[in-house]
Amino acid sequence: MLDVEVSAIKRTGLGTHLFDEMRYDMGGKENPDFVLNKPAYRKAEVLVAGENFGMGSSRPIGEVMRGAGIAAVIAESINGLAMRTCVNSSLPAINCAGVSTLFNDGDIGRVDFLSGKIDNLTSGKSLQTHPMAPLLAEIVAAGGVVPMLLKEGYIHAEPFMASSS
């Protein structure tokens, strides 16, 4: 489980600098104690987080997480703005009370965002939470908010000049 304030995430380089201040020392050398530097977690795709994930900033955490190879976020609780920026970047995110105790280091899991079911395939234990709202799931499936707005015709892919008649 990872408790982190989103203001620790830098926009520069997006995923390359995810959790930069905790992941590396002042000289740029990896901190071997940081969870994402451990061999078992280097290729982690789902971030399991604690309470108040995303508090403290409205930075584009969805873009940053995706840039680092994170494919989904499950947390005890996610700040509303952080949840929306994840979804807008096509990164599914869901609140699930108890998720931080469902998994141990190295466990394999499965998440069904549409049903809200979270399975620990290693232990055989499961949790049920609220499913992702249909509109949010639609935005994620469309590739994010901009592709969805393009698809629905609310915005144009090419710039245009408005004229008055």
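Start by selecting Cys 86: this residue is buried, with a relative accessible area of 1%. (Buried means under 20% relative accessible area, exposed over 50%, and partly exposed in between, using a 1.4 Å probe and protein chains only.) Next, click on Cys 96, which also counts as buried, at 1% relative accessibility. How many disulfides are there? The count comes to 0 disulfides, where a disulfide is a pair of cysteine sulfur atoms within 2.5 Å. As a reminder, a disulfide is a covalent bond between the sulfur atoms of two cysteines.

Before you go further, note that this is a predicted model, in which local features need pLDDT of at least 70, side-chain atom pairs count only at pLDDT 80 or more, and totals for chains, interfaces and linings use all residues. Residues are numbered from 1 along each chain as its sequence is written, and side-chain values use heavy atoms, with hydrogens and water left out.

**Colour by confidence**

Colour the chain by pLDDT, the predictor's confidence in each residue, from 0 to 100. The chain has a mean pLDDT of 83, and 85% of its residues reach 70 or more. Now select residues 1-13, where the pLDDT is below 50; in the model this stretch has 43 contacts beyond near neighbours in sequence. (Contact means heavy atoms within 4.5 Å.)

**Switch to cartoon**

In cartoon view, look for 6 helices and 6 strands. Helices (H or I, at least four residues) and strands (E, at least two) are DSSP runs, numbered from the N terminus. Following the chain from the N terminus, you will pass the elements in the order α-β-α-β-α-β-α-β-β-β-α-α. Of the 165 residues in the chain, 38% are buried. Among contacts with a separation of 6 or more, 49% join residues 24 or more positions apart.

**Two buried residues**

Select Phe 19, in the segment before helix 1. Phe 19 is buried, with a relative accessible area of 0%. Measure from here to Leu 36: the two residues are 17 apart in sequence, and their C-alpha atoms are 9.1 Å apart in space.

Then go to Val 64, in helix 2 (residues 61-67). Val 64 is buried too, with a relative accessible area of 1%. Add Leu 18 to the selection, and you have a pair 46 residues apart in sequence but 6.6 Å apart in space, C-alpha to C-alpha.

**Around Ala 93**

Move on to Ala 93 in strand 3, which counts as buried at 2% relative accessibility. Which residues does Ala 93 touch, not counting residues up to four places away in sequence? Show Val 73, Ile 78, Met 83, Cys 86, Phe 113 and Met 132. Cys 86 is the buried residue where the tour began. Ala 72 is also worth displaying: its C-alpha atom is separated by 5.8 Å from that of Ala 93, 21 residues apart along the chain.

**His 130: buried or exposed?**

His 130 is found in the loop between strand 6 and helix 5 (134-142). At 66% relative accessibility, His 130 counts as exposed. Leaving aside its neighbours within four places in sequence, His 130 is in contact with Ile 94 and Gly 116. Phe 113 is 17 residues from His 130 in sequence and 8.7 Å away in space, C-alpha to C-alpha.

**Two backbone angles to check**

Most residues other than glycine have a negative phi. Select Asn 52, in the loop between strand 1 and helix 2: its phi is positive, near 60°. Asn 52 counts as partly exposed, at 45% relative accessibility.

Ser 90 sits in the loop between helix 3 (80-88) and strand 3 (93-95). Although Ser 90 is not a glycine, its phi is positive, about 65°. Ser 90 is buried, with a relative accessible area of 11%.

**Last stop: the largest pocket**

The largest pocket has a volume of about 650 Å³. To find the pocket, select Tyr 41, Ala 44, Val 46, Val 48 and Asp 107, the closest to its centre of the 23 residues that line it. (On a 1 Å grid over the protein atoms alone, a pocket is an open set of points where a 1.4 Å probe fits, with protein on both sides within 12 Å along at least five of seven lines; lining residues have an atom within 4 Å of a point. Grid points are joined across faces, edges and corners, and a volume is the space filled by probe spheres set on the points.)

Highlight strand 1 (46-49) and strand 4 (109-112), each of which supplies at least two residues of this lining. Coloured by class, the lining shows 14 nonpolar, 4 polar and 5 charged residues. (Ala, Val, Leu, Ile, Met, Phe, Trp, Tyr, Cys and Pro count as nonpolar, Asp, Glu, Lys and Arg as charged, and the others, Gly among them, as polar.)
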